[in-house]
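Open your viewer, get comfortable and keep the selection box handy. We'll go stop by stop, and at each one you'll hear what to select and what to look for.

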Amino acid sequence: MSKKRPGGESLPSSSPTAADRSPDHEVPAATPAPAPDPKRWWALAVIALAQLMVILDGTIVNIALPSAQHALGMSDADRQWVITAYTLAFGGLLLLGGRIADLVGRKRTFVIGLAGFAAASALGGAATGPGMLFAARALQGAFAAVLAPSALSLLTTTFTDPKERARAFGVYGALAGGGSAVGLIVGGLLTEYLNWRWSLYVNVPIALAALLGAPAFLRDGSGRRGGHLDVPGALLGCGGLVALVYGFSEAEPRGWSSPSVRTPLVAGVILLAAFVWWQSRAASPLLPLRIVKDRVRAGSLATMGLATVGMFGVFLFLTYYLQVVLGYPPVRTGLAFVPISAGIVIGATQIAARLLPRTAPRTLMSSGMVLAAAGMVLLSRLTVHAQYVPHVLPALLLLGLGMGLTFMPVYATATAGVPAQDAGVASAALNTVQQMGASLGTVLLNTIATGATSRYVHSHSHDPAHGGAALDDAMVHGFSVAYRCSAGVLLLAALVAGLTVRPKAPQHAGNDAPAE
């Protein structure tokens, strides 16, 4: 007798019935559950270090960017490449990195990714010019594309007990959701008290600590003899993702009507359409379509994508609001994001992780997105005279709790039930959706905010108010419009989760792969 995996695929029951033990029923050799790895919680610490490093690096450089621009003589037009070079390489190469992990071995690619990320960070910190910094950031993104799916798939195959799995994914979800806020905090502290180079150097000791623990605590039996890489799929998939990320990144400075934006976006769509066509025919596809065809997994991926589209604007707009409108220095701006990180940790580790073994994942996801939408609505009511504690703090707490409640079950559900040989690329698919959602959300919401600000300035051009106060009013109005749009996207994510994700908590999520 077989039961259904969380992804909808058939899975041997952990307690075979008499029919299962009949001579006519072939019981797989892996049916007996392996003994839990006694070092699994140390393995979680190593994986968590790597995940924190990858996530916070997406924002840690943001606050340090003005100082780096001044020190290296970067132009205003070129400074965006400090961010874009990382997101291009990271988002574009994730699927390739995930499949390499499946073929070569997740522990091996985890170590390679850590070492490469540390070396690229040291190179960026020692940059003597803009070109060297851009290259280092691109290398960081490339090694992160190998490291991130390896880390998530190792977590998936290390924790097999549903309750322990929920706790482990609670920690992972907290880091995934709160790493961006932590990056702003650490970036502000390092920039103000040391210098901008330490926003890159800080990765080196983190990576070294994880490298020391990886050989001792990580166990992995992955890696397939005779497997080969889907080269046409890699070219089509990675090329399409790079084209889309590049098009999104150029939309802000050039505008949506620019050929420099439309051409890569159209090319990206065409390449990804060709990628899907090829994956349905390839003997060893880069991304087996069975992974994304399952309704539950597809719903989890869609929820993650919409959540990151709606959430990412808060870091961009609130940073500007606190620094430009309220006049906060970098460190105070970074510390202002502590409540959202605290909310994520509580929501993921203390609420979602405890409820997931006995609560429907869609209930947690939908509830989390509704809470986050309520936080966005509160932010949309900010004015130039708002104060942090009564006006900003409640919104950040709601956003943090909502993200923690959502991300933890999304990670657990989207990776449950995946065959061991596909764990790396399935993890890469989830990371890709998250990265693409962040890129798209940042561009779309910034475009909405900028347009609303321009319209406000135009409509108030004859207003007696003038000077900096009027400009601040226009900026805050633009942010408010973007926050309301974010709230709508988050409510859509709640609806998608409620309609597509499983009605019951996963009971056999841990049988994805045998331990080594």
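Before the first click, one bit of vocabulary: a salt bridge is a side-chain nitrogen of Lys or Arg within 4 Å of a carboxyl oxygen of Asp or Glu. Also keep in mind that what's on your screen is a predicted model.

**Stop 1: the salt bridge**

Select E164 and R40 and show their side chains. These two form a salt bridge, and their closest N and O atoms are 2.7 Å apart. Now colour helix α6 (residues 162-193), where E164 lies, and helix α1 (residues 40-56), which holds R40; the pair therefore ties together parts that are 124 residues apart in sequence. Why might such a pair form at all? Side chains of opposite charge can pair when their charged atoms come close.

Is E164 buried or exposed? E164 counts as buried, because its relative accessibility is 16% and the cut-off for buried is under 20%. R40, at 13%, counts as buried too. By the rule we started with, the count of salt bridges comes to one.

**Stop 2: zoom out**

Show the whole chain as a cartoon. You should find 18 helices and two strands. The protein has 516 residues, and 56% of them count as buried. Switch on the surface if you like: the protein exposes about 20,500 Å², with carbon and sulfur atoms supplying 66% of that area. Here's one for the contact fans: take contacts between residues at least 6 apart in sequence, and 84% of them join residues at least 24 apart.

**Stop 3: the largest core**

Next, select F110, L318, Y321, M376, L379 and L399 together. They have the most contacts inside the largest nonpolar core, a set of 95 residues. Keep F110 and hide the others for a moment. Which residues does F110 touch, if you skip those up to four places away in sequence? They are V46, I47, A50, L147, S150, A151, L154, A214 and L218. There is also a second, separate core of 23 residues, and C238, A426, A429 and V443 are among its members.

**Stop 4: T109 in helix α4**

Move to T109, in helix α4 (residues 106-125). With a relative accessibility of 3%, T109 counts as buried. Look at its side chain: it reaches the backbone oxygen of R106 at 3.1 Å. Setting aside neighbours within four places in sequence, T109 is in contact with I100, A101, V104, V146 and S150. You've met S150 before, on the list of residues that F110 touches.

**Stop 5: helix α15 and the loop before it**

Select residues 361-379 to light up helix α15. This helix has 19 residues and reaches 27 Å from its first C-alpha to its last, close to the 27 Å expected at 1.5 Å a residue. Which residues of α15 are buried? Colour P361, L364, M365, S366, G368, M369, A372, A373, G375, M376 and L379 to see them. Among these, M376 and L379 were on your list for the largest core.

Now step back to T359, in the loop between α14 (338-355) and α15. T359 is buried, at 18% relative accessible area. Its side chain reaches the backbone oxygen of L355 at 2.8 Å.

**Stop 6: helix α12**

Select residues 295-325, helix α12, and find R297 in it. R297 may carry a charged side chain, but at 1% relative accessibility it counts as buried. A polar atom of the R297 side chain lies 3.1 Å from the backbone oxygen of I291.

V325 lies in α12 as well, and at 13% relative accessibility V325 counts as buried. Leaving out neighbours within four places in sequence, V325 is in contact with Y320, V384, D472, M475 and V476. Try a distance label from V325 to L471: they are 146 residues apart in sequence, yet 9.5 Å apart in space, C-alpha to C-alpha.

**Stop 7: V242 in helix α9**

Last stop: V242, in helix α9 (residues 231-254). Is V242 buried or partly exposed? At 31% relative accessibility, V242 counts as partly exposed. V242 touches L88 and G92, not counting residues up to four places away in sequence. Finish with a distance label to A267, which is 25 residues from V242 in sequence and 10.0 Å away in space, C-alpha to C-alpha.

How values were computed: Residues numbered from 1 in each chain as written. Predicted model: local features only at pLDDT ≥ 70, side-chain atom pairs only at ≥ 80, totals over all residues. Heavy atoms only, no water. Helix = DSSP H or I, 4+ residues; strand = E, 2+ residues; numbered from the N terminus. Expected span 1.5 Å × (residues − 1). Buried < 20%, exposed > 50% of the residue type's maximum accessible area, 1.4 Å probe, protein only. Core = buried A, V, L, I, M, F, W, Y, C linked by side-chain atoms within 4.5 Å. Contact = heavy atoms within 4.5 Å. Polar contact = N/O pair within 3.5 Å; in protein donor to acceptor, adjacent residues only side chain to side chain. Areas by Shrake-Rupley, 256 points an atom, 1.4 Å probe, with all protein chains shown as cover.
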